[in-house]
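Thank you all for making the time this morning. I would like to walk through one structure with you, and I will go slowly for anyone who has not looked at it before.

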Amino acid sequence: MKTSMIVMAWLAAATAHPTPPAMPAVDRSTLHVQVILDKLGFSPGVLDGKGGQSLVAALKGFQEARGLPTTGKTDAATLRALYPYRNWRPTVTLTLDAATLAGPFTNPLPSEPAEQAKLPALGYRNVMESLAERFHTTTDTLIALNSPDTKLAPGTKIVFPNALPTSRSYAAGDATWKATLNALNVDAGAPKADHIVVDQSEGVLKAYDADDRLIGQFSATMGSEHDPLPIGTWKILGLSTNPKFHYNPALFWDAKAGDEKATLPPGPNGPVGVVWIDISKPHYGIHGTPEPSKIGRTESHGCIRLTNWDAGRLALMVKAGVPAIFQP
């Protein structure tokens with residue numbers, strides 16, 4: 001198929017279903033590209049139908065993996081490579097049920113570690129936050145795709161970004177971890193990584209196979225002026241799923257005077273999200289986050305922070321002994 005025909009076919013597919021009036025802030029063509037990249041393991045961050053640095057990075061990763069010029073744009077060559085996946089529609093309409101709406105939720109969610117330590121879990125604040133994370137998006141995007149007046153009740157049909165996985169056959173982990181992966185729509189078919197590279201200049205974590213082929217990439221927050229990324233070659237020691245967090249103010253330059261050590265309960269809104277991937281550098285790891293929309297846009301305390309769904313996918317790709325190369 002000639003390039004011009006491919007582009008025309010792509011545009012036709014992206015606009016086959018008219019954009020409803022209730023979603024002016026969501027560009028359907030951009031969302032379609034984001035959804036395909038997300039499903040292929042080249043995470044664009046949140047699925048919101050907007051361009052930006054995370055989408056550019058995801059496109060560059062996909063282009064590198066396919067041997068294309070790394071333009072970071074949806075140029076003709078990239079559209080040609082994405083075209084076989086056009087049937088992964090940008091949105092999916094699902095009916096809410098009682099189980100999805102049930103929670104439990106943690107609201108209010110205190111910000112102080114001492115108060116958080118008193119809670120049974122650091123869960124989602126409300127059903128909107130839960131639904132947004134489940135479908136790799138933001139509450140604003142859900143409102144734009146539907147309506148501010150949409151009633152969140154059993155039987156209501158809701159339009160979501162199409163983050164549904166191709167497989168939920170999780171091979172490892174306990175029932176609680178499998179339930180977490182399922183709730184986050186993490187694809188069980190993620191390929192296995194031989195080694196990973198955390199690239200500070202690009203702001204991404206890359207996963208490679210044994211032939212040094214790029215098989216996945218995730219936007220990441222890494223280090224800060226006070227806690228720089230520990231450059232060097234480390235290795236993964238193991239995983240802690242749905243972890244508790246041991247808060248030690250001595251390790252945090254911005255800890256408040258009077259803060260004491262505390263053990264915080266697990267939950268997606270905990271400081272390390274749903275999984276901690278331990279590395280051989282003491283006190284450092286790769287983990288999730290309670291604020292997915294800020295990945296790549298804020299600083300960390302030296303660790304590598306991913307969205308919870310990306311951290312879950314990476315956890316399926318690595319194991320103890322996998323080299324972790326941190327480069328400037």
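Let me begin with a question: does Asn-185 count as buried or exposed, judged by its relative accessibility? Before I answer, please keep in mind that what you see is a predicted model, and that every value I quote has been computed from it. Asn-185 has a relative accessibility of 4%, and because buried means under 20% relative accessible area, Asn-185 counts as buried. To find this residue, look in the loop between α9 and β3, where β3 covers residues 195-199. Its side chain reaches the backbone oxygen of Arg-134 at a distance of 2.8 Å. If we leave aside the neighbours within four places in sequence, Asn-185 is in contact with Arg-134, Phe-135 and His-136, and also with Ala-163, Leu-164, Pro-165 and Arg-168.

One of those contacts, His-136, deserves a closer look. His-136 sits in the loop between α7 and α8 (139-145), and it is buried, with a relative accessible area of 4%. Its phi is near 55 degrees, which is a positive value in a residue other than glycine. As a general point, most residues other than glycine have a negative phi, and most peptide bonds are trans. Asp-212 also has a positive phi, near 65 degrees, and it too is a residue other than glycine; you will find Asp-212 in the loop between β4 (204-208) and β5 (214-219).

On the subject of peptide bonds, there are two that I would like to point out. The bond from Gly-103 to Pro-104 is cis, with omega near 10 degrees, and a cis peptide bond also joins Asn-107 and Pro-108, where omega is about 10 degrees. Pro-104 lies in the loop between α5 and α6 (113-116), and Pro-108 is likewise placed in the loop between α5 and α6.

Pro-104 brings us to the second largest pocket, which holds about 570 Å³ of space. There are 24 residues lining this pocket, and the closest to its centre are Pro-104, Gly-123, Tyr-124, Thr-180 and Pro-268. Which helix gives the most to the lining of the second largest pocket? That is α9, with 4 residues, while α5 (98-101), α7 (127-134) and α9 (175-183) each supply at least two residues of the lining. Sorted by class, the lining has 14 nonpolar, 9 polar and 1 charged residues.

Let me now turn to helix α2, which runs over residues 28-40. At 1.5 Å a residue, the 13 residues of α2 should span 18 Å, and its end C-alpha atoms are indeed 18 Å apart, so the expected span and the modelled one agree. At the N-terminal end, Asp-27 caps the helix, with a side-chain oxygen 3.3 Å from the backbone nitrogen of Ser-29, and just after α2 comes Gly-41, which takes a positive phi of about 90 degrees. Of the 13 residues in α2, 11 are buried, so the helix is largely enclosed by the rest of the structure. Among the buried residues of α2 are Arg-28, Asp-38 and Lys-39, as well as Val-35 and Leu-40.

Two of the α2 residues, Val-35 and Lys-39, are touched by Asn-162. Asn-162 is found in the loop between β2 (157-161) and α9, and it is buried, with a relative accessible area of 10%. Not counting residues up to four places away in sequence, its contacts also include Trp-88, Arg-89, Pro-90, Thr-91 and Val-92.

For a residue that is not buried, consider Lys-235 in strand β7 (residues 232-241), which is partly exposed, with a relative accessible area of 45%. Lys-235 and Lys-281 are 46 residues apart in sequence, yet their C-alpha atoms are 8.3 Å apart in space. Beyond four places in sequence, Lys-235 touches Asp-278, Ile-279 and Ser-280, together with Gly-321, Val-322, Pro-323 and Ala-324.

Finally, stepping back to the chain as a whole, it has 10 helices and 13 strands, and buried residues make up 49% of its 328 residues. Among contacts with a separation of 6 or more, 60% are accounted for by residues 24 or more positions apart.

Note on methods
Residues are numbered from 1 along each chain as its sequence is written. This is a predicted model: local features need pLDDT of at least 70, side-chain atom pairs count only at pLDDT 80 or more; totals for chains, interfaces and linings use all residues. Side-chain values use heavy atoms; hydrogens and water are left out. On a 1 Å grid over the protein atoms alone, a cavity is a set of points where a 1.4 Å probe fits but cannot get out, and a pocket is an open set with protein on both sides within 12 Å along at least five of seven lines; lining residues have an atom within 4 Å of a point. Grid points are joined across faces, edges and corners, and a volume is the space filled by probe spheres set on the points. Ala, Val, Leu, Ile, Met, Phe, Trp, Tyr, Cys and Pro count as nonpolar, Asp, Glu, Lys and Arg as charged, and the others, Gly among them, as polar. The expected span of a helix is 1.5 Å times one less than its number of residues. Buried means under 20% relative accessible area, exposed over 50%, partly exposed in between (1.4 Å probe, protein chains only). A polar contact is a pair of N or O atoms within 3.5 Å; within protein, one must be able to donate a hydrogen and the other to accept it, and residues adjacent in sequence count only if both atoms are side-chain atoms. Contact means heavy atoms within 4.5 Å.
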